[in-house]
Amino acid sequence: MLLNLSEDQQFFRDTTDRFLTEQVPPDTLRQLRHDPAGYDSAYWRRGAELGWTSLLVSEAHGGGTISDAGLVDAGLVAYEFGRHAAPGPLAVVNVVAAALSEHDAAPDVLAGVLSGESVATWCAPPFGSLRWEPTVEASRSGNDLVLRGEVAIVESAGQADHLLVTCRDQGGTGVTQVLVPATTPGVTTAPMHTVDLTRRFGIVTFDEVTVPASAMVGLAGEAALQVHRQFEQLIVLLNAESVGAMQAAFDMTVEWAFDRYSFGRPLASYQALKHRFADMYMWLQSSHATSDASCAAVAAGDAGAAELVSAAKAYIGEYGAELVQDCTQMHGGIGVTFEHDLHLFLRRVTVNRALAGTPEEHHQRITAFIDAREREGAAA
Amino acid sequence: MSALRVETSEELESLEDFRQRARSFVQTNLRRVTPEELRWERNNNDDEAELATVARDREIQRMLFDADLAGICFPREYGGQGLSHEHQKVLNEEFAGYEYPLRVQIPTLSPCAAVILEFGTEEQKLRHLPAILKGEELWMQFLSEPSGGSDVAGALTTAVRDGEQWILNGSKVWTSGAWWSDWGLCLARTNWDQPKHRGLTVFMLPIHQPNVEVHRIEMNNGSREFCQEFMTDVIVPDTDRVGGVDEGWTVGTRWMFHERMLYNSSLVTEPVGLAHGSQDAKIVYDIARAHGRLDDATARDHIGEARVLELVVNQLAGRVGEGVRTGRMSDQAAGLVRLFKGTSVSRVVTLAFNVAGASGAAWTEGDTAAMSAINFLMRQAGSIGGGTTEMARNVISERVLGMPRERRLDKDVPFRDVPRSPSTK
């Protein structure tokens, strides 16, 4: 998280921190593991009142930022979500709200999402491989669009009232995004399994789903660029959340190292362990720095943003999980029990490592950026 | 001084004006260099070429001085510009893609000039800082000794007072380029009856004098850049002492801090994109290309990983720099950047060697893979030089995270009674 927050940002962050501390302590999270939604709808509405859903939405559409960079502010919420392993579809809801606002689409749906009364999720295959492509096909039928296909690993699919579906155009290479009410005939969702206690994922099937052309978000066939922007927003928020989870696990483990005695000495006095803490702290601070920088770069639309986002995702994916695994090792047996809180954070970084591109997939993506620069250099 | 220097220190030159001025200087006076040329320059082992480069670096530094672009964050009274860290960043951006006076930067401007600026007397500062900023004096750190690298406060080089002067005896090592440098900043023991940290004093001395013998050390990669100096009855006037007698560790602590902060120092120029370490991914990429492995998924994973490390270290250095400047982090947090650099260089060198495949075992003249094998031999150097990564881990865990310090046998006893390697007795 940013080293130097403005007073307003600090206040905003503290408010979310206090709310999460009070509403979703670890015992509550444990109880939510069998809850179909993973979160309580009243909790989500109250979070929305705190500003969780409105930061990427323009003022004209009822949103607003704390600083001038809404994504940076949303990153603060995501960071607190990570620090508390908090429930709720934060990243996907924000990405969809941003898209609706940007394209001036479905104002009623957006209003519901902003207030927390309803949930809209982002329905595209998980980004990762360079060969990524939509798995739902859209075809024109008069003034309607007909969708066919299936999307897996959709966050809060079963809880969403609306789905922002990314489709490829039938018989072409164009990409189109469509906002589909979850109750539309032909839309079915099936739950999937995951290791996170409170996050839910599902498979959404589109069987000849007919929606009016007015359901499109952005231009027909030309949504590839906006989908990439959404990916980047999503990754930035997932990263911020992972960094929060890393911080919580690290803090908890440093405290443990001071309190836990073995052979008459605190763990924190053993050089072999101190050195591992030094490595962990380096990973943690590097993750903070890269997460913040990539978030600011996407918010500002910097030229190097895409590469920095991939670097952050690769690094935090790899070292976020390594850090919490090492924290587990430092705890010994208690660290792998359900009773201990550490796994709440391990679950969070584990899911985030796999989502939206593994470290290896982002390495490949970064190398493709270098290819492009080399080609430009050769052409120049 | 030109007419440009009329504003008061409260009204700094605007960043935009500064950028224009820097850009015009760079484009008018400097040669464009590719990263490949710079890499070659850094790795060449030819003395004549090295001396020519040093001469060119001094010349560029003088031109910078004359153009009011030397010592951006040094005070004006000592020949600097009295500008901000932001101005230095602009200069780093404007230098990108051009030659720059690499050999004037580290350790001359920092840590050496930084230490003189902080602890020198007015006379010392007036004598040396302008000369440094003009490229007339290149400095070396006479810090490490053969008896112990990371334990710099365990210095055995001894200075004995003789009226208004000191007589120094001992040996220093790992000075890179001492054979073409002018001055040494030297940590010496002035009191063997005090505990280790309370009997040290810092001096400055000219390197090229009869009583200083400079030996060049051949490294396992063929480089002969590093030197060892043998000092025999070297006379140093008391006016060349830096800081108080037996207060050398007060100086030394800040000296070490500047050393750890080199990757984000306001006193050092590092062109964006040419900065040390920022070519890591490109090296791996070039090897993959030269060996037809650009379509190999493993090679591409390695290239991407190298690029991640170089992007992340820049962000970490920026965060730690900001944290230390704003007081949000302790000075000791600079150890984080040092640790990252050491471990990531090792990793990147391994990635490059992997991508070279069998060509890392034997090669023909001109093959890019040659460097990957030679660099692999020197892989650990990045985790050793400037304080080992183990030291950095101690600093981070003890001084930043506040964990209990290691038990030490060199505390609160006269230094002469501290156990040390039998060979140094």
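**Domains, a buried strand and the chain interface**

In this predicted model, the centres of domain 1 and domain 3 of chain B, taken over C-alpha atoms, are separated by 25 Å. These belong to a division of chain B into domain 1 (15-103 + 129-135), domain 2 (140-252) and domain 3 (277-400).

A good place to look next is strand E4 of chain B, residues 183-189. Seven of its seven residues are buried, so the strand is largely enclosed by the rest of the structure. In a regular strand, side chains alternate between the two faces of the sheet. Here, B:Trp183, B:Leu185, B:Leu187 and B:Arg189 point one way from E4(B), while B:Gly184, B:Cys186 and B:Ala188 point the other way, and all are buried.

E4(B) has strand partners to explore as well. Strand E1 of chain B (residues 139-142) runs parallel to E4(B) and is joined to it by four bridges; within this pairing, B:Phe142 has B:Cys186 as its bridge partner. With strand E5 of chain B (residues 200-206), the arrangement is antiparallel and seven bridges are found. There, B:Gly184 stands opposite B:Leu205 of E5(B).

Turning to the interface, 30 residues of chain B are in contact with 30 residues of chain A. On the side of chain B that touches chain A, at least two residues each come from helix H8 (280-290), helix H9 (297-325), helix H10 (334-356) and helix H13 (389-400) of chain B. H9(B) gives the most to this side, with 15 residues. By residue type, the side of chain B that touches chain A comprises 15 nonpolar, six polar and nine charged residues.

Definitions and conventions. Residues numbered from 1 in each chain as written. Chains lettered and ligands numbered in written order. Predicted model: local features only at pLDDT ≥ 70, side-chain atom pairs only at ≥ 80, totals over all residues. Contact = placed C-beta atoms within 7 Å. Nonpolar A, V, L, I, M, F, W, Y, C, P; charged D, E, K, R; others polar. Domains from an automatic or database assignment. Buried ≥ 20, exposed ≤ 12 C-beta atoms within 10 Å, placed from the backbone. Pairing = 2+ DSSP bridges.
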